[in-house]
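Please look over the structure shown here and work through some questions on how its parts are arranged.

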Amino acid sequence: MRILLVEDDAEVARFVRKGLAEAGHNVEHAANGRDGLFLAASEPFDILVLDRMLPGGVDGVRLVETLRAQGNRTPVLFLSALSAVDERVKGLKAGGDDYLVKPFAFAELLARVEVLARRPTQEAPATRLRIADLEMDLLARSVTRAGKRIEIQPREFRLLEHLLRHAGQVVTRTMLLEKVWDYHFDPQTNVIDVHVSRLRQKIDKGFDKPLIHTVRNAGYMIRAEA
Amino acid sequence: MLRFLRSAGFRFALLFAGIFIGAAALFALVLWYATAGSLDRQTDASVRTDALGLIERWREAGPGAVAEAIADRLASDVEGTAIYLLLDSNGVRLAGNLDRWPAEASPDAPWSFGTVQREGNLIDARLHVLELGERYRLLVGRDVGEKQALRTLLAEGIAWAAVAASFVALVGAAVLRRAVEQRLRPAALTAQAIAAGDLSRRVPVSHRADEFDRLGESMNDMLDRIDRLMAGVRGVSDSIAHDLRTPIARARAKLEEALDGQAAPEALRAAMEQGIADLDHITRVFGALLRIAEAEAGARRAAFAPLDLVPLLAEVAEFYGAVAESGGQAIAIELPARLDVVGDRDLLAQAVGNLLDNALKFTPPGGRVRIAARAPARDRIDLVVEDTGPGLPAADRARAGERFFRADASRGTPGSGLGLSLVRAVAHLHGGDLLLEDAAPGAAQPGLRATIRLGIA
């Protein structure tokens with residue numbers, strides 16, 4: 001993937017660049033908003049990773065507003081030291097797609113970048129999600145594995161749906177908290193792990209090949225065993 | 001001097017003096033018009049009538065008749081104010097009481113004032129010149145000496161009145177200026193003291209409930225708000241100073257220790273991982289502190305929206321329910337059909353979540369946690385989270401909302417000591433409070449009942 005990183009802090013930029021490159025992505029870097037806007041407007045990128053506050057008169061929010069006004073729909077992930085909820089709302093309102101507060105674990109950033117850049121296209125809404133022998137019917141709200149029906153609660157259904165929509169991608173605990181529960185706070189305990197393990201009990205127990213995998217220091221991923 | 005001129009008090013005083021002097025001038029003008037002006041107009045009217053009568057005579061019977069009429073009129077003039085002079089074409093006097101034609105009276109300006117000589121005496125007079133034809137000239141006039149004297153008196157009176165009025169205007173202006181200054185002085189002094197750093201000062205408010213009091217009250221409200229914000233900032237910086245140092249010091253010590261010795265690569269790696277975990281913990285504490293400060297400062301009120309508490313509570317209960325299940329505890333939910341409030345969904349969910357998290361931590365396996373909500377009064381909603389744990393001694397209960405306070409009994413359990421601080425801040429933000437009490441007073445395991453009391457204004 002071709003990624004544009006606009007970040008003024010040299011150390012953070014180096015760290016993010018190196019990490020994304022190691023994950024196999026092609027990263028362009030701009031150190032201020034003006035250069036970032038120029039690059040974003042003149043070359044195609046799969047995703048923009050923007051610092052919220054940038055020197056040079058064009059900050060992250062302005063940059064996105066300008067791009068969106070030009071009809072550029074490239075997904076945008078904000079990085080910001082501003083954690084207040086209004087700041088997040090401001091960033092998303094301007095046209096950002098996701099918001100990550102500094103300091104962050106690189107795994108969190110990578111997971112969000114990959115999920116954003118490979119967002120499912122909205123043109124054909126799927127009615128069925130499938131992986132290996134697990135099948136989810138979004139209309140009938142039913143889940144079957146190897147033809148056997150699995151009883152599942154509404155919230156577990158949404159959790160599984162989110163994992164399936166991003167099958168093969170790492171989904172972090174914070175992402176699940178935000179996307180499945182729409183909570184933007186620290187739940188203090190490992191509540192997400194408990195919910196995932198409960199889902200695992202229903203989906204994977206009694207089958208030889210587990211589908212839900214824990215990715216160390218990152219989160220979870222649903223995939224068919226190779 | 002310049003400062004004095006720029007003062008609002010001075011400008012108000014100037015305005016007052018201006019209005020006062022303007023009113024006095026208008027008063028004097030009307031008075032003048034009604035008295036002196038009226039006298040002048042009366043004189044002119046009588047001269048005009050006199051002259052018309054004489055012209056009539058001229059037309060009817062010629063110079064002789066006019067001369068006769070003049071003689072008659074002079075004879076019957078008791079007050080002795082009438083002035084007449086009739087000259088023929090050669091300038092010879094035919095009738096009248098003037099010795100000679102006055103220089104001021106010319107046919108070019110028919111009306112004039114002048115000094116004339118009548119029977120040897122010089123007098124002030126109003127004069128009217130008429131051309132009768134055949135180069136005969138007639139002068140009709142009135143002695144205005146007495147009226148002039150009256151006029152002078154009146155003018156003097158007005159002048160004195162003007163002096164008096166100016167004096168009153170100046171004194172009044174000074175008094176007004178002083179009054180404005182006196183009334184504003186407490187507010188100004190308070191503002192100065194606050195600017196100098198003493199935030200505890202407030203503007204004294206009288207019981208007159210006037211504009212100045214309203215201004216003072218607004219200032220005080222503003223100051224209270226600033227005070228609360230400052231207290232929030234102070235609280236956060238105190239907490240950072242006291243309580244972030246410890247984990248930072250611990251993480252630093254561990255990293256340094258790992259670097260120091262001849263540690264194996266695996267041990268070094270483990271130490272670094274631990275260092276990152278410590279930093280993440282610090283970040284979480286920091287995030288919690290910022291969140292509390294945000295709630296305490298009231299900045300989040302902008303994000304308030306109407307919401308139904310019932311699904312919110314059910315969702316939070318379900319969210320933590322998974323934890324209860326894995327810990328062998330039960331969560332009982334008692335909710336009404338609907339509870340409408342205006343608030344911040346995320347903060348309310350977090351507050352109830354913190355209470356549930358606490359309850360689950362302190363309730364032994366097999367125990368029960370109850371979450372309930374009800375509206376005991378029209379303007380009040382109680383959100384209750386109750387457990388069957390060891391409860392909290394009364395002394396600890398009072399301190400439980402303080403940042404980083406942890407009861408001795410809880411030292412062994414994970415947690416930052418910020419959970420209840422946040423709950424309390426969220427309750428305050430929603431116009432309410434956090435109440436802690438024994439769930440089952442007297443029992444061996446009294447349990448804790450935490451009530452978020454929300455005020456719905």
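The questions below take up two sheets, one helix and the contact between the chains.

This is a predicted model, in which local features need pLDDT of at least 70 and side-chain atom pairs count only at pLDDT 80 or more, while totals for chains, interfaces and linings use all residues. Residues are numbered from 1 along each chain as its sequence is written, and chains are lettered from A and ligands numbered from 1 in the order in which they are written.

Q: Which strands of chain B stand at the edges of the open sheet with mixed pairing?
A: The sheet has 5 strands in the order S7-S9-S10-S12-S11 (chain B), where strands are DSSP runs of E of at least two residues and helices are runs of H or I of at least four, numbered from the N terminus, and two strands pair if DSSP finds at least two bridges between them. Each edge strand has a single partner strand, so one side of each is left without a neighbour in the sheet; these are S7 (330-334) and S11 (433-438) of chain B.

Q: Which residue is the bridge partner of Asp382(B) in S12(B)?
A: Strand S10 (residues 380-386) and strand S12 (residues 448-455) of chain B pair in the antiparallel sense over 7 bridges. In S12(B), the partner of Asp382(B) is Arg453(B).

Q: On which residue is the kink in H8(B) centred?
A: H8(B) has 18 residues and spans 26 Å from its first C-alpha to its last, close to the 26 Å expected at 1.5 Å a residue, a figure defined as 1.5 Å times one less than the number of residues. The helix nevertheless has a kink of about 35 degrees, the bend being the angle between axes fitted to the seven residues ending at a residue and the seven starting there. The kink is centred on Tyr320(B).

Q: Which strands of chain B stand at the edges of the open sheet with antiparallel pairing?
A: Here 5 strands follow the order S2-S1-S5-S4-S3 (chain B). Each edge strand has a single partner strand, so one side of each is left without a neighbour in the sheet; these are S2 (93-96) and S3 (111-118) of chain B.

Q: Which helices of chain B give two or more residues to the side that touches chain A?
A: The contact takes 22 residues from chain B and 18 residues from chain A, with residues in contact if their C-beta atoms, placed from the backbone, lie within 7 Å. On the chain B side, the elements that give two or more residues are H7 (265-297), H8 (309-326) and H9 (345-362).

Notes
Contact = placed C-beta atoms within 7 Å.
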